[in-house]
Amino acid sequence: MGIERHVNGLEATMSSTIPTLGFAILSVLARADSTGYEIAGRMRNPVARFWTASHSQIHTDLRRLLEAGLVGYTTAPGPGPQEKKIYSITAEGLDALRKWVTEPPRPQPERDELVLKTYAAWLADPAALIAMFRTALRDHEGRLAEYEAAWASVEKEAPAFGTPRFGNMAALRCGLTYERHRADWCRWMIDQLSSSLNPSWDASYPSEA
């Protein structure tokens with residue numbers, strides 16, 4: 001089909017110079033060669049459960065990975081007049097990804113707006129706070145139901161370590177425990193706030209002394 005192989009000859013840069021999103025892209029490509037559109041789709045599910053990125057961010061980091069020699073691509077006929085690029089991870093990229101996986105995670109800023117609002121919640125109307133936490137609870141319960149359905153499918157034939165599906169299972173397990181924790185916390189907040197409005201409220205989670 002006249003497909004031409006393009007791989008940048010530059011040496012791979014050290015993992016410290018590659019943004020975390022770059023390694024997310026490498027993780028996707030380590031599983032299967034993909035077009036930019038397919039990478040974005042695979043970033044939405046399941047990667048978006050734990051790392052989000054816009055289309056523009058993905059394409060920007062793809063260029064960086066190409067320049068670093070960690071990614072290459074082939075061209076093939078596309079649905080329109082232009083050829084499409086099918087990206088693949090290079091040997092250097094796979095080596096960089098393997099090294100990065102066992103490095104301690106980079107420090108990330110802790111930013112949780114709901115927790116920050118809770119810190120100042122003593123200033124607000126309890127009824128309005130209850131409504132806010134009920135909305136948050138519905139969101140967490142919705143994601144939890146999605147994750148539980150996916151987990152039920154995974155549990156039927158748990159993958160062994162060393163396969164890409166094991167990574168899916170491990171990340172999903174983390175998502176399950178996180179959503180359960182957040183949902184429980186939202187229920188506790190609702191109970192505490194309801195009790196403040198009505199002392200006779202039978203709270204599910206009694207206050208600590």
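Reader: Why does Asp 95 count as partly exposed?

Author: In this predicted model, Asp 95 has a relative accessibility of 35%, and since partly exposed covers the range between under 20% and over 50%, that value places Asp 95 in the partly exposed class.

Reader: What makes the pairing of Lys 99 with Asp 95 a salt bridge?

Author: The closest N and O atoms of Lys 99 and Asp 95 are 3.2 Å apart, and because the criterion asks for a separation within 4 Å, the pair qualifies as a salt bridge. The two residues are 4 apart in helix 4, which means that about one helical turn separates them.

Reader: Why is Glu 179 called buried, and what class does Arg 143 fall into?

Author: Glu 179 has a relative accessible area of 4%, and buried requires a value under 20%, so Glu 179 is buried. Arg 143, with 32%, is partly exposed.

Reader: How do you know that Arg 143 and Glu 179 form a salt bridge, and which helices hold them?

Author: Their side chains meet at 3.1 Å, N to O, which is within the 4 Å limit. Arg 143 lies in helix 6 and Glu 179 in helix 7, so the pair ties together parts that are 36 residues apart in sequence.

Reader: What makes Glu 141 and Arg 187 part of a network?

Author: Glu 141 and Arg 187 meet in a salt bridge of 3.0 Å, N to O, linking helix 6 (residues 126-155) with helix 7 (residues 164-197). Salt bridges with shared partners join Glu 141, Asp 184 and Arg 187 into one network.

Technical notes: Residues are numbered from 1 along each chain as its sequence is written. This is a predicted model: local features need pLDDT of at least 70, side-chain atom pairs count only at pLDDT 80 or more; totals for chains, interfaces and linings use all residues. Side-chain values use heavy atoms; hydrogens and water are left out. Buried means under 20% relative accessible area, exposed over 50%, partly exposed in between (1.4 Å probe, protein chains only).
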